[in-house]
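Me: Please take a close look at a single part of this structure, the side chain contacts and surroundings of one helix, and describe it in a connected way.

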Amino acid sequence: MGPFHQGWTEADIDAALQRGDPEELLYVPIVLGMNAPDCERGWVEGICFHLATHPHFNVRGNAILGLGHVARTCGALDTETAVSIIARALTDENEFVRGQAQCAAEDIETYLGIKVTEDR
């Protein structure tokens, strides 16, 4: 996916984080979320939590969606932190972010049985 084809490593992810290019970073949470069972889940969640506040809407939205992927692929998630982030994102100023948050909220409800509602 994007710059992360099969065979990516944690070092590749760390290098992308260091470079900070939004066009590359937008792929990081998706790649990690879809492969979370093969990684340290806490590491994946930490990256998604960090990127969920990124100024670029694509990075922010995909970080939030990545949390939903972790819930789906691992059947577990730091829900205390993730639910708060997703709830805030449901009212984000950007439509893309709100849509990604809705998808993540649906994954959280489906796979973890927790309903995420808007943070007002």
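Reply: In this predicted model, E109 has a relative accessibility of 38% and therefore counts as partly exposed, and the residue is found in helix α7. Between E109 and G61 there are 18 Å in space, C-alpha to C-alpha, while the two are 48 residues apart in sequence.

Helix α7, which covers residues 95-112, also holds F96, and this residue takes part in an aromatic pair with F57. A search of the whole structure finds one such pair. Its geometry is edge-to-face, with 5.9 Å from centre to centre and 75 degrees between the planes; the angle is assigned to that class because planes over 60 degrees apart count as edge-to-face. F57 lies in helix α5, residues 57-74, so the pair ties together parts that are 39 residues apart in sequence. As for how far the two rings' residues are covered, F57 is partly exposed, with a relative accessible area of 33%, and F96 is likewise partly exposed, at 31% relative accessibility.

Turning from the helix to a charged part of the surface, E10, D12, D14 and E40 form a negative surface patch. One of its members, E40, is placed in the loop that runs between α3 (28-34) and α4 (41-51), and with a relative accessibility of 53% E40 counts as exposed, because the cut-off for that class is over 50%.

Methods: Residues numbered from 1 in each chain as written. Predicted model: local features only at pLDDT ≥ 70, side-chain atom pairs only at ≥ 80, totals over all residues. Heavy atoms only, no water. Phe/Tyr/Trp six-rings, centres within 6.5 Å; stacked < 30°, edge-to-face > 60°. Helix = DSSP H or I, 4+ residues; strand = E, 2+ residues; numbered from the N terminus. Buried < 20%, exposed > 50% of the residue type's maximum accessible area, 1.4 Å probe, protein only. Patch = residues over 30% accessible without salt bridge, like charges linked within 9 Å, V, L, I, M, F, W, Y side chains within 5 Å. Areas by Shrake-Rupley, 256 points an atom, 1.4 Å probe, with all protein chains shown as cover. Salt bridge = Lys/Arg side-chain N within 4 Å of Asp/Glu carboxyl O. Lys, Arg positive; Asp, Glu negative; His and termini not counted. Charge placed at Lys NZ, Arg CZ, Asp CG, Glu CD.
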